[in-house]
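Got the viewer open? Let's walk through this one selection at a time.

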Amino acid sequence: MGIIGWIILGLLAGAIAKILLPGRDPGGLIGTTLIGIAGAFIGGWMSAKFLHKPISNHFFDAATWGSAIAGSLVLLIGYRIFFGNSRD
């Protein structure tokens, strides 16, 4: 999967994570994409490290999407824990 695939995966995974965890969070399109890309890397690392299931490089793999969304949720929850309601 190339860089464009990672950007698209990150954008969609970040958007899905924000839909699943509503609230006031940082960023717009760019922030959502960055959270999703970082979440994809974190989710893939967690899957390989703790579940002993490495993520494939295929764009349409359910495990890739699940780990990207889960990693994005972890980042959003971490942001809320550390920064709280700083956007109010």
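One term before we click anything: two residues are in contact when they have heavy atoms within 4.5 Å of each other. Keep in mind, too, that this is a predicted model.

**Stop 1: the whole chain.** Switch to cartoon and colour by secondary structure. You should find 3 helices and 0 strands, running α-α-α along the sequence. The chain has 88 residues, and 32% of them are buried. Of the contacts with a separation of 6 or more, 68% link residues 24 or more positions apart.

**Stop 2: colour by pLDDT.** The chain averages 76, and 78% of its residues reach 70 or more. Among the helices, which has the lowest confidence and which the highest? Helix α2, residues 29-50, is lowest with a mean of 77, while α1 is highest at 82.

**Stop 3: A40.** Select A40, which sits in helix α2. Is A40 buried or exposed? Its relative accessibility is 5%, so A40 counts as buried, the cut-off being under 20%. Leaving aside residues up to four places away in sequence, A40 touches W6, L9 and A68. For a distance label, pick the C-alpha atoms of A40 and A70: they are 8.0 Å apart in space, with their positions 30 residues apart in sequence.

**Stop 4: the core around it.** Now add L9, A13, W65, A68 and I69 to A40, and you have the largest nonpolar core, 6 residues in total. Helices α1 (3-20) and α3 (62-83) each put in at least two residues, and α3 gives the most, with 3. As general background, nonpolar side chains in soluble globular proteins tend to be buried together.

**Stop 5: G36.** Stay in helix α2 and move to G36. With a relative accessible area of 0%, G36 is buried. Which residues does G36 touch, not counting those up to four places away in sequence? The answer is G10, G14 and S72, so show those three as sticks. Then draw a line from the C-alpha of G36 to the C-alpha of A13: the two are 23 residues apart along the chain, yet separated by 5.2 Å. A13 is one of the core residues from the previous stop.

**Stop 6: the outside of the chain.** Turn on the surface. About 5500 Å² of the chain is exposed, and carbon and sulfur atoms supply 74% of that. Next, select I3, I4, I7, I8, L11, L12, I16 and L20; together they make a nonpolar surface patch of about 700 Å². Zoom in on I7, a residue of helix α1. Its relative accessible area is 36%, so I7 falls in the partly exposed class, between the 20% and 50% limits.

**Stop 7: F60.** Last selection: F60, in the loop between α2 and α3. Is F60 buried or exposed? At 76% relative accessibility, F60 counts as exposed, because the threshold for that class is over 50%. Finish with one more C-alpha distance, from F60 to L9: these residues are 51 apart along the chain and separated by 9.7 Å. L9 has come up before, both as a member of the largest nonpolar core and as one of the residues touched by A40.

Definitions and conventions
Residues are numbered from 1 along each chain as its sequence is written. This is a predicted model: local features need pLDDT of at least 70, side-chain atom pairs count only at pLDDT 80 or more; totals for chains, interfaces and linings use all residues. Side-chain values use heavy atoms; hydrogens and water are left out. Helices (H or I, at least four residues) and strands (E, at least two) are DSSP runs, numbered from the N terminus. Buried means under 20% relative accessible area, exposed over 50%, partly exposed in between (1.4 Å probe, protein chains only). Accessible areas come from the Shrake-Rupley method with a 1.4 Å probe; for residues, only the protein chains shown count as cover. A nonpolar core is a set of buried Ala, Val, Leu, Ile, Met, Phe, Trp, Tyr and Cys residues joined through side-chain atoms within 4.5 Å. Patches are made of residues with over 30% relative accessible area and no salt bridge: like charges are joined within 9 Å, nonpolar side chains (Val, Leu, Ile, Met, Phe, Trp, Tyr) within 5 Å. A salt bridge is a side-chain nitrogen of Lys or Arg within 4 Å of a carboxyl oxygen of Asp or Glu. pLDDT is the predictor's confidence in each residue, from 0 to 100.
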